[in-house]
Amino acid sequence: MTASERIARLILRRNRLWLALLLAVLAGLAAGLPRLEVSSDNRAFFGRENEEYRQLLALDATYADSSGLLFLMVPPEGTAFEPAALEALRRFTDAAWQIPYVLRVDSAANQSVSRAEGDEIIVEPLLEEVTPEAAARFEERLMGLEEAVGRLVAEDGSAYGMSVQVVLPEAEGTTEEVVGHVRAMIEDWRADYPGWEFRVTGGMLGGLTLEQVALDDLLRLVPASAAIVLLLLVFLMRTLVGAAVTLAVVLSGTVATLGFAGWTGVVLTAGTAISPLSVTVLITASSIHVMLSWMRKREAAGPDAAAEEALAENLGAVTVTNLTTAFGFLCLNFSESPPLRDMGNIIAFGLMVGLAATFVMLPAGLRFDRREHAGRIPISAALMERLAGGILRRWRWWLWGFPLAVVVALTGIARIGYDDSIYRYFDDRYEFRRAADAITEKLSGLESMQFSFHAPEGANVFDPEFLRAIDRFSAWLEDQPEVVSVSSIAAILKRLNESMNGGDAAFRTIPDSREANAQLMMFYEFSLPVGMDLTSTIDVSRTQTRLIASLRVADSNETRALADAAEAWLAENEPLLDAPASGLSVAFARLSQRNNQQMLLGLGAVLILISGTMVVTLRSVKYGAISLAPNLVPAVLAFGLWGWTFRDVNLGSTVVTTMTFGIVVDDTVHFLMHYLRRKRAGLDAAAALRDTFSVVGAAIVITTLALMAGFAVMTLSGFVINQHIGALTVFVVGFAVLADLLFLPALLYAFRGKD
Amino acid sequence: MHLTRRVLLTGAAAAALVPSAVAAQSAREKGERIAREAAARTEGYGDLSATGEMILKSAGGQTSTRRFDVKWVETGGGASRSLLVFNWPGDIRNTALLTHSYEGRSDDQWLWLPSLNKVRRISSSGRSGSFVGSEFAYEDMTDQEVEEFTHTWVQDGAGPGGIACHIVDRRPKSASGYSLQRVWFDRQHLRVQQVQYFDRRGAHLKTLRVSGYRLYQGRFWRAGRMDMQNHLTGKATTLTWSNYRFDTGVNPNVLTPNALKRIR
């Protein structure tokens, strides 16, 4: 009796004991479920050691920290400057001051404008009272206000924007309080102003949308994928008992995954909440191997003996394949992004519990199917043997066809760029994305880039040379096509100097002394209304100031390219200014690139681990090496196809290669283990291949179908990271089955003689 | 935040419980009386000078300092003039803020910018905004005109440090940065001990605590220290007063826009 047979007997003869033990462990894990939390932090994607994230924290600490809300208000066409619309605008502005924790409100109505009148500089709101004359003057003055156009009013004057800064206290539920108030407010406006369109966006809404996505995915897609793979199982294999037991196994895996997250304090986000889907699909694949084996055994043996034999036959292979899959997921720990690391860990854990559940529950459960012809293997052994014959006849085609496909794929990979943005992470089923698109179309872009400059040693931000350098940099930025507007203290000081000199445009310059600049800024400070101060632009010690450029970009490739170009321009031209491009947009734009570099290490680790496992399992260095080819080719082909079709990838895509490596390897393990067993039993390569096809071919095809169907459900997520992971995994798994059934046999045949 | 709301509601409920409009009227009268009496006790000083130092604290704990000298002179009929000259930071040295206050109408203010050699009038909209980046608005630093508010006595109760106080609500009659200020006057000398500022939506925005009072010339109480805490942003400003000197003979005619240019 072999070790596998002994273990199989031990599991089945004392099944109730094992089942009780498993249920006890599951109950313990389930107790962690109430501890689960869903995150609404849109910075959750950044690790503590991420450089851009640290820059963000430094910005928060240096300048007044607040979260923004951006409103879009579109009046009926052609009425934007009619008195009724202006009255409405004033009402919206007043209403915004009622938002909880509001710090400041900027709208076209309350903008302070300064004008010189003799010795007096008058600073007043743009819209004080609404009269026909005031309305006419309002349009002219507003459209002439550089910093308002594109932000507080559309360039064509067809829509208004309003920016609201809120300081959120660090207490539970404050985001919901603010967002609830804002939504109710907009409902009121919609009721009172039919014909108007209202939209709102901002970091807080992004966070809540992330939370919404996490729940949508967990509550809809995870059950949907389970339903689809189980239906597929019933349809292809005709076993209700098998499907029912698999459901129990899958539930165990899901409880384990989420319970583990609860106990270890993993906070679910839009990236991690969908993790049980992967566990479900992968466990089902393992179950399929056991079930197919059981069906074959049933042809010769009774229900009990067949269950034991099937378990013994699969114990080794299924354990190894689940271990390699778990390795792949554990290597996501190389990622910089905490949600991806968490996802890897909870899936790996869920898989291990799922593996135990497969062994304890499945064979024991299958014994209840006492039909004469239990189930049906949907793909006949004869068909697979014919396929093997056909492949062997043209083995050189496949041997050279795949490398050629890889070369074509590499040209597709060269086209791939990274697109990461908190707005474009959601598709348009979420109002957050629709609002972002509407605001980008009507007003400025929502993306921005910041530079926090330190004044030279011993000076402060009012140093004229320092300010002139900032001014030159602003001018360079304004020349870039992606830049909508630039705000800096240099621009404020130039405008003040002009006003101070009777509006003479010749004085639109930075004054020559530090004192003059400081005093001008002091005058400006005296004129600012409540809520407005300079702390969002100048730090308390007056040695740092920030410049903000708002951008209109199609994707984050443009943001990243502009950030790189700006940093290079500064290094080359402005020795006084030394600061990296920073801010949330830049951090997201650089996130995938950084993560990809980290994941190359992860991929290296998974390659070494899994190839080592293969060498040990197959007891052959040669076959371990051969196995690398069909395992690496699918990812290359998948990304090549992606490059030629969807083109841009994001944070999620960067982990797909590492993550799928452990999945793809499974079929290779099943194939090679069987092939070598036959070959070592004395069959020649062609006969061993034909036998391998007839025995494991069907399993490979069916598990692949289940994996593809299951991961395809992930593409239905409204969260683009999950869409990409799902779609790329479908691509990889699809190419993997082709590589295993076409390329691997050709390789084995080509290297048959030298064993 | 909830606590504040409860305090306000309690105040409203207490007012509602009072059986008649007569009682409400008397709360109003009592408030006005306290405010007028408090104001009267600060008047009649003639002229006065002092040095102020502001320490601005960010929510993160960073600090920054502003220093200035101020002169006040009464010009009769409830009107006064003041001149505030900055000493620190160095690049705003000698920058001066001149204020003419009148009874029953809004102030006039001018700023002298020495390195630009210009005097500029400041329009009134900025007066409720931040004073040189601090948590004080200009109007928070000075004695408030009784006529610009309606006053309602709320109750008598303990102020900071357990001092027995009259608590009076004042609401601005015209546009202001605040919807309501709740003032604690100590019962013994009617000195302001504490002010709570409520923003436009009625949320408790800032709290001012006044301490270190000393008696000058046997009749004028002046504060030594004013601490303003912003509850929304977490920022705070401490304003310390020193060198109070009365009757130094300030000539009101020196406190005019044209005379500003002589400061150097």
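The legends below accompany close-up views of a predicted model.

**View 1. Overall build of chain A in the predicted model.** Taken along the principal axes, the C-alpha atoms of chain A fill a box of roughly 105 × 55 × 45 Å, and the secondary structure of this chain comes to 23 helices and 9 strands. Of the 755 residues in chain A, 54% are buried. Among contacts in chain A with a separation of 6 or more, 81% join residues that stand 24 or more positions apart.

**View 2. Domains of chain A.** The domain assignment divides chain A into domain 1 (1-45 + 238-377), domain 2 (65-205), domain 3 (379-414 + 586-755) and domain 4 (445-582). The centres of domain 1 of chain A and domain 2 of chain A, taken over C-alpha atoms, are separated by 55 Å.

**View 3. The segment 624-750 of chain A.** UniProt, in an unreviewed entry, lists residues 624-750 of chain A under "domain: SSD". Over residues 624-750 of chain A, the chain is 84% helix and 0% strand, while the C-alpha atoms at the two ends of the segment are 15 Å apart.

**View 4. The contact between chain A and chain B.** Chain A gives 36 residues to this contact and chain B gives 31 residues. On the side of chain B that touches chain A, the elements giving two or more residues are strand E2 (63-76), strand E5 (105-113) and strand E6 (118-122) of chain B, and the largest share, 5 residues, comes from E6(B). By residue type, this side of chain B divides into 16 polar, 9 nonpolar and 6 charged residues.

Technical notes: Residues are numbered from 1 along each chain as its sequence is written. Chains are lettered from A and ligands numbered from 1 in the order in which they are written. This is a predicted model: local features need pLDDT of at least 70, side-chain atom pairs count only at pLDDT 80 or more; totals for chains, interfaces and linings use all residues. Domain bounds come from an automatic or database domain assignment. Two residues are in contact if their C-beta atoms, placed from the backbone, lie within 7 Å. Helices (H or I, at least four residues) and strands (E, at least two) are DSSP runs, numbered from the N terminus. Ala, Val, Leu, Ile, Met, Phe, Trp, Tyr, Cys and Pro count as nonpolar, Asp, Glu, Lys and Arg as charged, and the others, Gly among them, as polar. UniProt positions are given in the numbering used here, feature names are shortened, and annotations may be inferred rather than shown by experiment. A residue is buried if 20 or more other C-beta atoms lie within 10 Å of its own, exposed if 12 or fewer, and partly exposed in between; C-beta atoms are placed from the backbone.
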